[in-house]
Amino acid sequence: MTVHSAKGLEFDVRVPLGLEEGLFPHEQASPERDGWKMERPWPTSAITRARHRLYLSAAQTRLLHGQTR
């Protein structure tokens with residue numbers, strides 16, 4: 001389930017994946033272009049709707065668009 005489709009729903013356990021810098025929030029969202037105003041609510045929504053447990057996950061390396069980051 002995506003963060004967008006889960007917005008507003010509460011679950012006993014939440015495990016948001018892909019919390020790396022430049023991926024979530026997206027690297028093209030920048031404070032200069034007011035991109036943060038659109039991207040900031042998504043991680044907050046994913047985190048605050050966990051009823052009992054929250055597990056945060058980030059990859060040490062990720063293959064993104066054919067490049068290892």
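What follows is a dialogue on a predicted model of one protein chain.

Student: What secondary structure does the protein chain have, and in what order?

Tutor: Three helices and four strands. From the N terminus on, the elements run α-β-α-α-β-β-β.

Student: How confident is the predictor in the protein chain?

Tutor: The mean pLDDT is 76. Of the residues, 72% reach 70 or more. Confidence is lowest in α2, at a mean of 56. Strand β2, residues 50-54, has the highest, at 91.

Student: Why is A6 called buried?

Tutor: Its relative accessibility is 6%. Buried means under 20%. The value 6% falls under that cut-off, so A6 counts as buried. A6 sits in helix α1, residues 3-6.

Student: What does A6 touch, apart from residues up to four places away in sequence?

Tutor: M1, F11 and R14. Contact here means heavy atoms within 4.5 Å. There is also a spatial pairing with A46: the two residues are 40 apart in sequence, yet 7.8 Å apart in space, C-alpha to C-alpha.

Student: How much of the protein chain is buried?

Tutor: Buried residues make up 20% of the 69 residues. The accessible surface comes to about 5,600 Å². Carbon and sulfur atoms account for 53% of that surface.

Student: What share of the contacts joins residues at least 24 apart?

Tutor: It is 68%, counted among contacts between residues at least 6 apart in sequence.

Student: What makes E10 and R49 a salt bridge?

Tutor: Their side chains meet at 3.6 Å, N to O. The cut-off is 4 Å between a side-chain nitrogen of Lys or Arg and a carboxyl oxygen of Asp or Glu. The distance of 3.6 Å is within 4 Å, so the pair qualifies. This pair links distant parts of the chain, 39 residues apart: E10 is in the loop between α1 and β1, and R49 is in the loop between α3 (41-48) and β2.

Student: Why can such side chains pair at all?

Tutor: Side chains of opposite charge can pair when their charged atoms come close.

Student: How many salt bridges does a search of the whole structure find?

Tutor: Three. One of them joins R51 and E10, at 3.4 Å, N to O. That pair also links distant parts of the chain: R51 is in strand β2, E10 in the loop between α1 and β1, 41 residues apart.

Student: How do you know that D12 forms a salt bridge with R51?

Tutor: The closest N and O atoms are 3.4 Å apart. That is within 4 Å, so the pair meets the definition. D12 lies in strand β1 and R51 in strand β2, 39 residues apart.

Student: What makes these salt bridges one network?

Tutor: Shared partners. They join E10, D12, R49 and R51.

Student: Why are E10 and D12 called partly exposed?

Tutor: E10 has 41% relative accessibility. D12 has 40%. Partly exposed lies between under 20% for buried and over 50% for exposed. Both values fall in between, so E10 and D12 count as partly exposed.

Student: Which class do R49 and R51 fall into?

Tutor: R49 is at 31%. R51 is at 49%. Exposed needs over 50%, and buried needs under 20%. Neither residue meets either cut-off, so both are partly exposed.

Student: What is R49 in contact with, leaving aside neighbours within four places in sequence?

Tutor: G8, L9, E10, F11 and R14. E10 is thus a contact as well as a salt-bridge partner. R49 and K7 are 42 residues apart in sequence and 8.4 Å apart in space, C-alpha to C-alpha.

Student: Which residues form the nonpolar patch on the surface?

Tutor: V13, V15, L17 and Y55. Together they have about 400 Å² of accessible area.

Student: What makes V15 eligible for that patch?

Tutor: Its relative accessible area is 49%. Patch residues need over 30%. The value 49% is over 30%, so V15 passes that cut-off. V15 is still partly exposed, because exposed means over 50%. Its place is in the loop between β1 (11-14) and α2 (35-39).

Methods
Residues are numbered from 1 along each chain as its sequence is written. This is a predicted model: local features need pLDDT of at least 70, side-chain atom pairs count only at pLDDT 80 or more; totals for chains, interfaces and linings use all residues. Side-chain values use heavy atoms; hydrogens and water are left out. Patches are made of residues with over 30% relative accessible area and no salt bridge: like charges are joined within 9 Å, nonpolar side chains (Val, Leu, Ile, Met, Phe, Trp, Tyr) within 5 Å. Accessible areas come from the Shrake-Rupley method with a 1.4 Å probe; for residues, only the protein chains shown count as cover. Helices (H or I, at least four residues) and strands (E, at least two) are DSSP runs, numbered from the N terminus. Buried means under 20% relative accessible area, exposed over 50%, partly exposed in between (1.4 Å probe, protein chains only). pLDDT is the predictor's confidence in each residue, from 0 to 100.
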